[in-house]
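Colleague: Could you take a close look at one part of this model for me, and then work outwards to what surrounds it? I would like the residue numbers, so that I can follow along on the screen.

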Amino acid sequence: MKKIVLLVLLMGIGLSSCKSKKRYSDQLRTKNVLNERRKPTTDIPIKEGNASLPAEPTKFVRFSIDSPSEYISTFAETAQLEMMGYGIPASITLAQGLLESGNGKGELAMKTNNHFGIKCHKGWEGDYDFHDDDEKGECFRKYNHPMYSFRDHSIFLTTRSRYAFLFNLRHTDYKGWARGLRKAGYATDPKYPQKLIYLIEKYDLHKYDKQSIKDNYKSTTVVTNDASNIHTVQKGDTLYSLSRKYYMSVDELMKLNNLRSSDLSIGQPIKVK
């Protein structure tokens, strides 16, 4: 009888030990996965002279874009600033944004402000959401404002060695960039280069590769009242463009002016300080 009891006790200890080892193994595996995700993915250094961004809004800012032309007018300046800071042609950035985001109206873009279809990948520690793409429920990066999607796109291309050869091309060689992105594995669609080139030539996006960002500022009139720090809305103004001009986030502008939507009217006074 004593032998039976002893045998049962020994078996219990063995099972407990196995469970403990399995639990420790699972914990170790989880820890390794988390550590792997925290590893930086930088393969080549980011270029000098990158333009700084205003603080990212604390809340998700939803953008309402009605057409490709509105998308271009809204984000052309951003694409040019990224070109100046990182060397990626503005035409390529805009064409990829148009294509990947469905002109800013695609499901992924609307719920994540992710305009370039960048998935989470190892090392991503920011916000994310799930979306059906090549596979069901894939993890995609999420941003509170589209400008951070544009910046992450620049960082994504400049910090992965497989895209390094692209920066040997002239920034006006949009065809070479379009083909190179497909070659480097940015997209699985074999017609990806042709689609980018089509968008660039249809909407004359290549002009932004040559046009100085200063020309945009000269052509846009900024009307302010210095005494009260008020901007009077002009044709073409958006909260996004005002956030860049006055180094404020869209969220700050909306809070400062008690705005419930991003819609602006010509002649509307907007506090900017």
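Modeller: Contact here means heavy atoms within 4.5 Å. Helices (H or I, at least four residues) and strands (E, at least two) are DSSP runs, numbered from the N terminus. This is a predicted model, in which local features need pLDDT of at least 70 and side-chain atom pairs count only at pLDDT 80 or more, while totals for chains, interfaces and linings use all residues. Residues are numbered from 1 along each chain as its sequence is written, and side-chain values use heavy atoms, with hydrogens and water left out.

The part I have picked is α3, residues 90-101. The protein chain holds 11 helices and 5 strands, and 41% of its 273 residues count as buried (under 20% relative accessible area with a 1.4 Å probe, protein chains only; exposed is over 50%, partly exposed in between). Of the contacts between residues at least 6 apart in sequence, 62% join residues at least 24 apart.

α3 has 12 residues, and from its first C-alpha to its last it reaches 16 Å. That is close to the 16 Å expected at 1.5 Å a residue, where the expected span is 1.5 Å times one less than the number of residues. Most of α3 is covered, with 10 of its 12 residues buried. The buried residues are A90, S91, I92, T93, L94, A95, Q96, G97, L98 and S101. Their cover includes α2 (68-86), α4 (107-112), α5 (146-158), α6 (174-184), α7 (192-202) and α8 (207-210).

Take α2 as the starting neighbour. The axes of α2 and α3 (lines fitted to C-alpha atoms, for helices over the stretch in contact, with angles from 0 to 180 degrees between N-to-C directions) come within 8 Å and cross at roughly 135°. α2 and α3 are therefore oblique to each other; angles under 35 degrees count as roughly parallel, over 145 as roughly antiparallel, 65 to 115 as roughly perpendicular and the rest as oblique. Their crossing is right-handed (the near helix is turned clockwise from the far one by less than a right angle; anticlockwise would be left-handed). On the α2 side the contact uses P68, Y71, I72, F75, A76, A79, Q80 and M83, and on the α3 side A90, T93, L94, G97, L98 and S101.

α5 is another part of the cover over α3. α5 has 13 residues and spans 19 Å between its end C-alpha atoms, close to the expected 18 Å. Because 12 of those 13 residues are buried, α5 is largely enclosed by the rest of the structure. Among the buried ones are P146, M147, Y148, F150, R151, D152 and H153. The buried residues of α5 pack against α2, α3, β2 (138-141), α6 and α10 (239-245). Towards α2, the axis of α5 comes within 10 Å and crosses at roughly 35°, in a right-handed crossing. Y71, F75, T78, E82 and Y86 of α2 make that contact with P146, F150, R151, S154, I155 and T158 of α5. Y71 and F75 also belong to the α2 residues that meet α3.

Next come α6 and α7, which both help to cover α3. They pack against each other at an angle of about 150°, with their axes 8 Å apart. That makes α6 roughly antiparallel to α7. The crossing is right-handed here too. Y174, K175, A178, R179, L181 and R182 in α6 meet Y192, P193, L196, I197, I200 and E201 in α7.

Finally, look at what follows α3. G102 comes after the helix and has a positive phi, near 65°. N103 has a positive phi as well, about 60°, although N103 is not a glycine. Most residues other than glycine have a negative phi. N103 sits in the loop between α3 and α4 and, at 23% relative accessibility, counts as partly exposed. For comparison, N258, in the loop between α11 and β5, also has a positive phi, near 55°, and is exposed, with a relative accessible area of 68%.
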